[in-house]
Amino acid sequence: MPRRPVPLHAVSALFLKRQHLAAPRTAPLTAKRLGRFVADVGGIQLDSINVLDRAHYLTVWSRFGPYDRARLDRLVYRRRLLFEYWAHAACLVPTSALPWWRRAMLDYRVRHTGWSDWLRRNPKMLGQVKAAVSAKGPMGNADFEGRRPSGRGGWWSWRPAQHALHYLWMTGALTIHSRRHFNKRFDLFERAIPAVLECETVSPEEFHRWHLERSLHAMGAATERDVTGYLTFPRFGPGARRKVLRAMVERGEVAEIEVEGSRGRWLALTRDLPKLARAGRTPSASRGTTLLSPFDSLLWYRDRVKRLFGLDYRIEVYTPGDKRVHGYYTLPILRQGHLIGRVDAKAHRLERRLEVRNAHFEPWFATTATPPGGRDRVDQDEAITGVAEALASLGVFVGGDEIVLRRVTPHRLRAPLARALREV
């Protein structure tokens, strides 16, 4: 059966819509909107880097603009609209998806993770840690005494109790009750989220179908490599993902499509084919301007970002300073459905200043050339104004009453951006 042809811009447009970036920062944050957003994308990634703000706070700001972080924390850690688990990496995932993630927790008990074998051979440690949490309530790593093992440093230098806490979390005995200064505090899962007691765990086969369905839903259409690189946990066994996909295609749940300019087969949920057709007729994939966290779900699989938007994005946090090209913590700039550049920014909290250390625009944007994909040109003046407005919004969110602009690449765009910042 011939594959249905789909234009590349239709895939980009539906991807942006599913990522809630079709009209960013136009609607305020509500519990309903937050729940719908996380259900659509699969999770909000957490990360400890705080040079600007925590990744999950920035990801929510990118969609909803400035909001009260304390309110988001209450929705997560009091109302339990979301809970922490491993999806792409450590993420906030919908509590409504608990029956499926519960299966991942149960399966984790038989996974080999290097140190989990040691814990299984030492059940006394697991029992002691769980008993302490049961008796004392929410506890963090610092509440457990014990020397670190000798040898390698870094993550592997965790104390045995820390390994136990992590293992008990990943297997569903504990959950993350709350965070204090971003440090995790663990509690019994059933005490923090009583709904787990009534949760009917799905079968491994149902979980695999759901996992693939969620990835395809979040992306609109994807290659098999895209699917592998989106929700990366848990890792499927050799051939398992392809087997499940084949069954979903045979049942008519997934359709094989052909995307213009791309070799090989793409996949889409059959129910999304009409949506892809409508997306292909839209004049613009997105309206407005926003900035994306390096850990944003739109960027989870970098190769896909390059194919769809022409942006070769890399996180340079772990790159030595003298070898960085764009900066330490760069936020891609989304403008009218195009990724036109990136901003390296830092919040100076005591001085209430947002420093834009480098605003680096893509060559095609700087020369007003046709964007990748060959569709509608981006008006440079309007885009510069949009970037300035997005930076002003970010300044409000991170408490930057003053915005200081340093380097702009190319340099000739510095003056118009500086002027736009003064006028915003």
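How many salt bridges does a search of the whole structure find? The search finds 24 of them. The model is predicted, and the paragraphs below walk through some of its salt bridges, then turn to its surface charge, its backbone and a few single residues.

A little background helps here. Side chains of opposite charge can pair when their charged atoms come close. One such pair is formed by R191 and D187, whose side chains meet in a salt bridge with an N to O distance of 2.7 Å. The two partners sit in unlike surroundings: R191 is partly exposed, with a relative accessible area of 39%, whereas D187 is buried, with a relative accessible area of 4%. The value for D187 falls under the 20% that marks a buried residue, and the value for R191 lies between that mark and the 50% above which a residue is called exposed.

A salt bridge also joins the side chains of E362 and R342, at 2.9 Å from N to O. Here E362 belongs to the loop between β13 (353-361) and α15 (363-366), while R342 belongs to strand β12 (residues 338-348), so the pair ties together parts that are 20 residues apart in sequence. Both E362 and R342 are buried.

The salt bridge between R352 and D401, in turn, has an N to O distance of 2.7 Å. Which parts of the chain does this pair tie together? R352 is in the loop between β12 and β13, and D401 is in the loop between α16 (380-398) and β14 (402-409), so the parts held by this pair are 49 residues apart in sequence. R352 has 41% relative accessibility and counts as partly exposed. D401, at 61% relative accessibility, counts as exposed, because its value is over 50%.

Salt bridges can also be followed through a group of residues. In this model, R3, E224, R242, E256 and R265 are linked in a network of salt bridges.

Charge appears on the surface as well. Which residues gather in a patch of positive charge there? The patch brings together K17, K275, R278 and R281. Helix α13 (residues 273-281) supplies the largest share of this positive patch, with three residues. K17, another member of the patch, has its place in helix α1 (residues 8-18). With a relative accessible area of 58%, K17 is exposed.

The backbone deserves a look too. Most residues other than glycine have a negative phi, and most peptide bonds are trans. Against that background, two cis peptide bonds can be pointed out in the model. One joins F233 and P234, with omega at about -10 degrees, and P234 has its place in the loop between α11 (224-230) and α12 (240-250). Another cis peptide bond joins T409 and P410, with omega at about 0 degrees. P410 is placed in the loop between β14 and α17 (414-423).

Positive phi angles are found at R80 and H181. For R80, phi is positive at about 60 degrees although this residue is not a glycine. R80 is found in the loop between α4 (69-77) and β3 (82-86). Is R80 buried or exposed? At 12% relative accessibility, R80 counts as buried, because this value is under 20%. H181 likewise is not a glycine, yet has a positive phi of about 55 degrees. H181 lies in the loop between β6 (174-180) and β7 (183-188), and at 73% relative accessibility H181 counts as exposed.

Two further residues complete the picture. R103 lies in helix α5 (residues 98-108) and is buried, with a relative accessible area of 16%. Which residues is R103 in contact with, leaving aside its neighbours within four places in sequence? The contacts of R103 are T201, V202, S203, P204 and F207. M125, for its part, is found in helix α7 (residues 123-136). With a relative accessible area of 21%, M125 is partly exposed, because the limit for a buried residue is under 20%. Finally, M125 and R414 are 289 residues apart along the chain, and their C-alpha atoms are separated by 58 Å.

Technical notes: Residues are numbered from 1 along each chain as its sequence is written. This is a predicted model: local features need pLDDT of at least 70, side-chain atom pairs count only at pLDDT 80 or more; totals for chains, interfaces and linings use all residues. Side-chain values use heavy atoms; hydrogens and water are left out. Helices (H or I, at least four residues) and strands (E, at least two) are DSSP runs, numbered from the N terminus. Buried means under 20% relative accessible area, exposed over 50%, partly exposed in between (1.4 Å probe, protein chains only). Contact means heavy atoms within 4.5 Å. Patches are made of residues with over 30% relative accessible area and no salt bridge: like charges are joined within 9 Å, nonpolar side chains (Val, Leu, Ile, Met, Phe, Trp, Tyr) within 5 Å. Accessible areas come from the Shrake-Rupley method with a 1.4 Å probe; for residues, only the protein chains shown count as cover. A salt bridge is a side-chain nitrogen of Lys or Arg within 4 Å of a carboxyl oxygen of Asp or Glu. Lys and Arg count as positive and Asp and Glu as negative; His and the chain ends are not counted. The place of a charge is taken as NZ of Lys, CZ of Arg, CG of Asp or CD of Glu.
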